[in-house]
Amino acid sequence: MKKAAKPPCLWGRAKAFICCCLVGASLGVPAVASDLGLSATLANDYVLRGVSHSAGRGTLGFDLSWQASPHWNVSAGYALLNVDSQGQRSLITVSLARRWVLDGDWSGSLGWTHYAYPGSTNRRAYDADEWIGAMSYGDQWTGILSYLPNSTHLRNDGSVGKDAALAVELNWHRRLLGRLALDIGVGALQYSYTGYRYGSVALSWGVGPVQGSLSVIASDAASQYLAPGSRAGQRWVAALI
């Protein structure tokens, strides 16, 4: 990684858009029924696990979610990324998640997300899947474990690597005043031969039906030769939903 109460610092898409990763909450807007929601997100970057997927450019995304039952959620997203030599890049996500309430404080979820980059064979090489398990304590702590059987990463020489990977994250959420909240998250992604770490600090707020966030995100993916320096490192991300 949608959660209407708080923005995911690191997982966003995992619920990707979040879910993934634009840092910001999802505002559900009733459509034809109360169990349908539609959201739109405008941001200056699309960052997933500390690495920009839009080359540091602004993005516009839309997400449609359906609460199929009290425990099942289905969602689909579409995001406009950057423009490259082949034209406009975009990302399509499809997610399915099952949630359990274990007791008054603990809850868990299992989910699957598919990421698709429409277009040429080179773009489709970035298509990937993610299996996600999460455990939350109250509305403050969330731990996430993800398995990516075909994770892609851009090497410094411009070629695309595709390997299995594990990602682990720990997020802390704190409501400060009214709809002003603070989120802090740390995580690591590990391949069989190497890996990198990432983290974020975010402030989010809401005014009427509009919600916004401002985040600083950092990773050492570039120093581990898993992403070019222009796509990794420290960056500020602002989002409006």
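Is N82 buried or exposed? N82 is buried, because its relative accessible area is 6%, under the 20% cut-off. The model is predicted.

**The chain as a whole**

The protein chain has 241 residues, and 47% of them count as buried. Its secondary structure comes to one helix and 16 strands. About 11300 Å² of the chain is exposed. Carbon and sulfur atoms supply 65% of that area.

**Around N82**

N82 sits in strand β7, which spans residues 72-84. Its side chain makes a polar contact with the side chain of R89, at 2.5 Å. Leaving aside neighbours within four places in sequence, N82 touches H53, S54, A55 and R57. G87, Q88 and R89 are also among its contacts. R89 therefore appears both in the contact list and as the polar partner of the buried N82.

**A nonpolar surface patch**

W100, L102, W106, L110, M135, Y137, W141, L170 and V186 form a nonpolar patch on the surface. Together they have about 880 Å² of accessible area. Strands β9 (106-116) and β10 (128-137) are the elements that give two or more residues to this patch.

W100 is one of the patch residues. It lies in strand β8, residues 87-101. W100 is partly exposed, because its relative accessible area of 34% falls between the 20% and 50% cut-offs.

**Two residues side by side**

| Residue | Relative accessible area | State |
|---|---|---|
| N82 | 6% | buried |
| W100 | 34% | partly exposed |

Methods:
Residues are numbered from 1 along each chain as its sequence is written. This is a predicted model: local features need pLDDT of at least 70, side-chain atom pairs count only at pLDDT 80 or more; totals for chains, interfaces and linings use all residues. Side-chain values use heavy atoms; hydrogens and water are left out. Helices (H or I, at least four residues) and strands (E, at least two) are DSSP runs, numbered from the N terminus. Buried means under 20% relative accessible area, exposed over 50%, partly exposed in between (1.4 Å probe, protein chains only). A polar contact is a pair of N or O atoms within 3.5 Å; within protein, one must be able to donate a hydrogen and the other to accept it, and residues adjacent in sequence count only if both atoms are side-chain atoms. Contact means heavy atoms within 4.5 Å. Accessible areas come from the Shrake-Rupley method with a 1.4 Å probe; for residues, only the protein chains shown count as cover. Patches are made of residues with over 30% relative accessible area and no salt bridge: like charges are joined within 9 Å, nonpolar side chains (Val, Leu, Ile, Met, Phe, Trp, Tyr) within 5 Å. A salt bridge is a side-chain nitrogen of Lys or Arg within 4 Å of a carboxyl oxygen of Asp or Glu.
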